[in-house]
Amino acid sequence: MHVDGRRAADISWPKAVSADSFAFMSTDLDSVDWALLEALQEDARLSYNELARRVHISPPTVAQRVRRLENAGVITGYRAAVDPTAVGRSVVALVRMKCYGPRCITVHPELLDDCPEVVEVVRLTGDICSVVKVVTTSVQELERLLVRLGTHGETSSAMVLSTPIPWRPVLPGAQ
């Protein structure tokens, strides 16, 4: 694979991202691939038979295409969406982090492996290095977590009041 005229093996990739993660960049997706992706994003539990019925191709072809999309890194996993409030985690917050060096959570995400309240970390450009999404059972638990995150750098938090757009599938864009 070539990126900017260089072989992928010649490029120094960030620690959390491997050159293999970018194999999908050369994958051309046709309308059937997009139909499969749309259906799987709507319901990842669909059987190959049901997917075949929806996109009008045979189940073996569906299986082959889904495997190709997985191997190319287009489909990166399957998971259940869980409402934090329904499982007793009614406090949802976004924590902006400024951290550098050996205690930086974007360089060493394993520092938060024993923090189940942390459900997502997004690395950013600009004056903050990351946004950490956390779910806790109470404001007091959030406060304890903020103290812990503060050992990694400067924090600034905002509690989530609602999520008008909770998630959207990735769909084909305008060409």
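This passage looks at a four-stranded sheet and at a glutamate in a helix, both taken from a predicted model.

The sheet is an open one, with 4 strands lined up as E4-E5-E3-E6 and antiparallel pairing. Its edges are strand E4 (118-123) and E6, each of which pairs on one side only. Direction aside, neighbouring strands here are turned by 20 degrees against each other on average. As for what holds such an arrangement together, strands of a sheet pair through backbone hydrogen bonds, either parallel or antiparallel.

Strand E3 (residues 91-98) pairs with strand E5 (residues 130-136) through 7 bridges, in the antiparallel sense. Two of the residue pairings are easy to pick out: valine 91 has threonine 136 as its bridge partner in E5, and leucine 94 has lysine 133. E3 also runs antiparallel to strand E6 (residues 154-159), with 6 bridges between them. There, arginine 96 stands opposite serine 156 of E6.

Threonine 136 leads on to the helix. Helix H4 spans residues 139-150 and includes glutamate 141, which touches Thr136, the bridge partner of valine 91. Leaving out residues up to four places away in sequence, Glu117 is also touched by glutamate 141.

Glutamate 141 is a bit of an oddity on the charge side: it is buried but has no salt bridge. Why not? The nearest side chain of opposite charge, arginine 144, sits 5.2 Å away, and a salt bridge has to fall within 4 Å, so this pair doesn't count. What glutamate 141 does have is a side-chain polar contact of 2.4 Å with threonine 137.

Terms used
Residues are numbered from 1 along each chain as its sequence is written. This is a predicted model: local features need pLDDT of at least 70, side-chain atom pairs count only at pLDDT 80 or more; totals for chains, interfaces and linings use all residues. Side-chain values use heavy atoms; hydrogens and water are left out. Buried means under 20% relative accessible area, exposed over 50%, partly exposed in between (1.4 Å probe, protein chains only). Lys and Arg count as positive and Asp and Glu as negative; His and the chain ends are not counted. A polar contact is a pair of N or O atoms within 3.5 Å; within protein, one must be able to donate a hydrogen and the other to accept it, and residues adjacent in sequence count only if both atoms are side-chain atoms. Contact means heavy atoms within 4.5 Å. Two strands pair if DSSP finds at least two bridges between them. Axes are lines fitted to C-alpha atoms, for helices over the stretch in contact, and angles run from 0 to 180 degrees between N-to-C directions.
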